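Trainee: I am new to this structure, and I would like to learn how each label attached to it is justified. Could we go through the labels slowly and set each one against its definition?

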Amino acid sequence: MLKTLEKPEHGGENHVLFDRLSALDIAAYVVDGVDLSPGAAIPSDGDVRIDRALAGFLFTCGPEHIRHPEPIEGGPEGARYPLHGSFAGTAVSHTEMASGGSECTATIEVTLADGGQARVERKWRIDAERKEVVLEDRVVNAGASAFPPMMMYHVNIAGRLLGPDTRIVSASIDGGESGWRFGDGESAHFCLPAAVGPDGWSDVSLAALAGLYGRGLKVRFRADTLPFLQMWRCQRGEADVISIEPVSHRIAKRPVLQAAGELVPLQPGEAKSYAIAFGVA
């Protein structure tokens, strides 16, 4: 658990609770006594790994596949990449917390669906100056053959915290902002090229969260390796969740991405880095 960023304005302790059984993702993010994660108010795709991960505040999909299952190129008959890839649901055997509780690191060994091996060197830290939580991931090809890395970070927010005045604010969106209930029907998503700031990062905010005293959640991410902003919402039955999802690839099937040269192989021993940050203001 990372310690608070600052003295809470409304009382209670702010903290980040990690899930060691799911790749050191975030099970809960509690701000002024309010947990932003959706908990049980999520839809199920029938994969217990993802059901567990989606109920938390942040989960990571990858490192060899994102989104829905697809056939493994050149693999055995019927072999498929799993929902959201192989990373979610991978247990962490060892973590190290810095004194003072401002930084936590872990190394996660991931067996890929195609038989390869990856190592994710993960570091969570508090940026006291910016008052935000920062995640830095280094994905290393630890196997004997190349694979194209794909990563997506799902920041899941409980729909119960949103109100009629809640809006999405980002330079990536046409006009700079929109209402949070985008699209038609009970569920919708979009994926847009991320607008890049002078520091090479992109950002998006959910502003005026009614269940968080009118404050907003801001998410920033490195746009060189996460060049797309995807968002998803679901208000269907008992499900009530909205997700901010910085992602490495646009929405398209793997053969389409491959033909367009967008699945760039990571050779054995090579590494690629990603970063995302968030905070409440």
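Mentor: Let us begin with a term: a nonpolar core is a set of buried Ala, Val, Leu, Ile, Met, Phe, Trp, Tyr and Cys residues joined through side-chain atoms within 4.5 Å. Please keep in mind throughout that this is a predicted model.

Trainee: With that definition, how many residues has the largest nonpolar core, and which have the most contacts inside it?

Mentor: The largest nonpolar core has 57 residues, and those with the most contacts inside it are Phe57, Ile157 and Leu217. Phenylalanine 57, leaving out residues up to four places away in sequence, touches a list of residues that includes Ile26, Tyr29, Leu36, His154, Ile157, Leu217 and Phe278. There is also a second, separate core of 19 residues, among them Ile66, Met150, Ala239 and Leu263. In soluble globular proteins, nonpolar side chains tend to be buried together.

Trainee: Why is cysteine 61 not counted in a disulfide?

Mentor: A disulfide needs two cysteine sulfur atoms within 2.5 Å, whereas the sulfur of cysteine 61 is 12 Å from the closest cysteine sulfur, in cysteine 191, and that is too far for a bond. Cysteine 234 is likewise in no disulfide, since the nearest cysteine sulfur, that of cysteine 61, is 17 Å away. A search of the whole structure finds zero disulfides.

Trainee: What makes cysteine 234 buried or exposed?

Mentor: Buried means under 20% relative accessible area, and cysteine 234, at 0% relative accessibility, therefore counts as buried. Cysteine 61 also counts as buried, at 0% relative accessibility.

Trainee: How do you know whether lysine 123 is buried, exposed or partly exposed?

Mentor: The label for values between under 20% and over 50% is partly exposed, so lysine 123, with a relative accessible area of 28%, is partly exposed. Lysine 123 has its place in strand S9, residues 117-127, and, leaving aside neighbours within four places in sequence, is in contact with Glu103, Cys104, Thr105, Val134, Leu135 and Glu136.

Trainee: What makes alanine 23 and lysine 131 worth a remark on phi?

Mentor: Most residues other than glycine have a negative phi, and most peptide bonds are trans. Alanine 23, however, has a positive phi near 60°, and lysine 131 has a positive phi of about 55° although it is not a glycine. Alanine 23 lies in the loop between strand S1 (15-19) and strand S2 (25-31) and is buried, with a relative accessible area of 0%. Lysine 131 lies in the loop between S9 and strand S10 (132-141) and counts as partly exposed, at 37% relative accessibility.

Trainee: Which residues does a cis peptide bond join, and where does proline 63 lie?

Mentor: A cis peptide bond joins glycine 62 and proline 63, with omega at about -5°, and proline 63 lies in the loop between strand S4 (58-61) and strand S5 (70-71).

Trainee: What lines the largest pocket, and which element gives the largest share of that lining?

Mentor: The largest pocket, which holds about 610 Å³ of space, is lined by 28 residues, of which Arg67, His68, His84, Gln230 and Trp232 lie nearest its centre. The largest share of the lining, four residues, comes from S17. By class, the lining of the largest pocket has twelve nonpolar, eight polar and eight charged residues.

Notes:
Residues numbered from 1 in each chain as written. Predicted model: local features only at pLDDT ≥ 70, side-chain atom pairs only at ≥ 80, totals over all residues. Heavy atoms only, no water. Buried < 20%, exposed > 50% of the residue type's maximum accessible area, 1.4 Å probe, protein only. Contact = heavy atoms within 4.5 Å. 1 Å grid on protein atoms, 1.4 Å probe; cavity = no way out; pocket = protein on both sides within 12 Å on 5 of 7 lines; lining within 4 Å. Points joined across faces, edges and corners; volume = space filled by probe spheres on them. Helix = DSSP H or I, 4+ residues; strand = E, 2+ residues; numbered from the N terminus. Nonpolar A, V, L, I, M, F, W, Y, C, P; charged D, E, K, R; others polar.
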